[in-house]
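Please open the model in your viewer and keep the sequence panel beside it. The stops below tell you what to select next and what you will find there.

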Amino acid sequence: MSSNNRGVVYKGPGQVAVESIAYPELALGNRKCEHGVILKVVTTNICGSDQHMVRGRTTAPEGLVLGHEITGIVVECGRDVEFLSPGDMVSVPFNIACGRCRNCKSGQTGICLNVNPSRPGAAYGYVDMGGWVGGQTEYVMVPYADFNLLKFPDADQAMEKIKDLTLLSDIFPTGFHGCVTAGVGPGSTVYIAGAGPVGLAAAVSAQLLGAACVIVGDMIEERLAQARSFGCETIDLTEDGDMADKIEVILGEREVDAFVDCVGFEAHACGCNHGQEAPAAVLNSAMSVTRAGGQIGIPGLYVTEDPGSADAAAQQGSLSMRFGLGWAKSHSFHTGQCPVMKYHRPLMQAILFGKVNIADAVNVQMISLDEAPQGYADFDGGAAKKFVMDPHGSVAA
């Protein structure tokens, strides 16, 4: 087994580099991590959340090893790992969860109480999320392995569908969670804000849940075209006009049943002001165009600190929301990380049995680990692709 390792390292605003890093150990600080495993990473993805850090819009420290979307093969197990063995291929939820605390036992694995000394919830390679080493690497350590990891039934079958299965670590469950918490069901009309990878995954999820009509709004035509490629209606948010008017053209009604915010805190205004940041723009639109009694799912990331914002209040995570409108319309809002384990097994089954082609919907593009800096640049430029890294050159593109 190799003792070498490389990973994608954040070097400061706008900069990442592939560097040699330490080979992972089965350890938590100074103590042995007998419940953990070491994985040889098969695929690892660039996430829009990673871009927030790389743009300098968080307090991420230089030197952070990035990456929280991981699929891998077990190469070493701690003594207390009972149900996994070397050679098993697994999907890693981006949430790190102990399986023992009050929240984990109730299924709220996104806010585990024992894996981050600063606040509930942890993730690999992410700012303020516990200091865990990320997985845009060749090898990575995963704690509480029996609880966290989803084992694929057959490794050869998994490799055949790896472009789809790699999305189980984050964006597919996150998009699905956004729709579930927005109350999407058979016959629903749904608005998806944002046609990045999570927005596209949410659009597919809405269809999987039986939505009658899925409308996707974005400012980049390439992304809107990708949404149309699998049957979504689209709205170009760079064009002037009232959002309700545009929805009425599509639905014959001015409101939707369910709204999913897949944009988050780097939102922009619409129409002639689309070049200007407006952090609460999507949230205010949600309250405006969601019917009374409707639900709003918010998988888009909102941060406690945004040092790159031009707005002093937004730098502290304070947004100017028209919350009274949402209250008057009895809206339900659901925020926070997706608890991946709630969804990853059934979504795996949907992939393996051919019920969904998530990789086609989000336009997966395979790249090597060495191509990561260019992948980050292309993603930041608005490419309608989900960049998936193959650290060992073993997966056919």
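Which residues does the UniProt annotation "domain: Alcohol dehydrogenase-like C-terminal" cover? According to that record, an unreviewed entry, the annotation covers residues 197-265; UniProt positions are given here in the numbering of this tour, feature names are shortened, and annotations may be inferred rather than shown by experiment. Before you select anything, note that this is a predicted model, in which local features need pLDDT of at least 70 and side-chain atom pairs count only at pLDDT 80 or more, while totals for chains, interfaces and linings use all residues. Residues are numbered from 1 along each chain as its sequence is written, and side-chain values use heavy atoms, with hydrogens and water left out.

**Stop 1: the annotated stretch.** Select residues 197-265, where the chain is 42% helix and 23% strand and where the end C-alpha atoms are 16 Å apart. Helices (H or I, at least four residues) and strands (E, at least two) are DSSP runs, numbered from the N terminus.

**Stop 2: the sheet.** Now select strands 10 to 15, which form an open sheet of six strands in the order 12-11-10-13-14-15, with parallel pairing; two strands pair if DSSP finds at least two bridges between them. At the edges you will find strand 12 (233-236) and strand 15 (332-334), each of which pairs on one side only. From one strand to the next, the twist averages 20°, where axes are lines fitted to C-alpha atoms, for helices over the stretch in contact, and angles run from 0 to 180 degrees between N-to-C directions. Zoom in on strand 10 (residues 189-193) and strand 11 (residues 213-218), which run parallel and are joined by five bridges; here Ala 193 stands opposite Gly 217 in strand 11.

**Stop 3: two helices on the sheet.** Add helix 6 (residues 171-181), which packs on the sheet and touches strands 10, 13, 14 and 15, its direction making about 155° with that of strand 14; contact means heavy atoms within 4.5 Å. Then add helix 9 (residues 243-251), which lies across strands 10, 11, 12 and 13 and runs at about 155° to strand 12.

**Stop 4: the cysteines.** Select Cys 179, whose sulfur is 7.1 Å from the closest cysteine sulfur, in Cys 262, and therefore too far for a bond. A disulfide is a covalent bond between the sulfur atoms of two cysteines; the rule used here asks for a pair of cysteine sulfur atoms within 2.5 Å. For Cys 213 the closest cysteine sulfur is in Cys 232, at 8.5 Å, which is also too far for a bond. By this rule the count comes to zero disulfides.

**Stop 5: Gln 136.** Is Gln 136 buried or exposed? Gln 136 counts as buried because its relative accessibility is 0%; buried means under 20% relative accessible area, exposed over 50%, and partly exposed in between (1.4 Å probe, protein chains only). Gln 136 lies in the loop between helix 2 (102-105) and strand 8 (139-142). Its side chain makes polar contacts with the side chains of Asp 50, at 3.1 Å, and Tyr 376, at 2.9 Å. A polar contact is a pair of N or O atoms within 3.5 Å; within protein, one must be able to donate a hydrogen and the other to accept it, and residues adjacent in sequence count only if both atoms are side-chain atoms.

**Stop 6: a loop residue.** Finish at Asn 363, in the loop between helix 14 (358-362) and strand 16 (364-368). Its phi is near 60°, a positive value in a residue other than glycine, and Asn 363 is partly exposed, with a relative accessible area of 28%.
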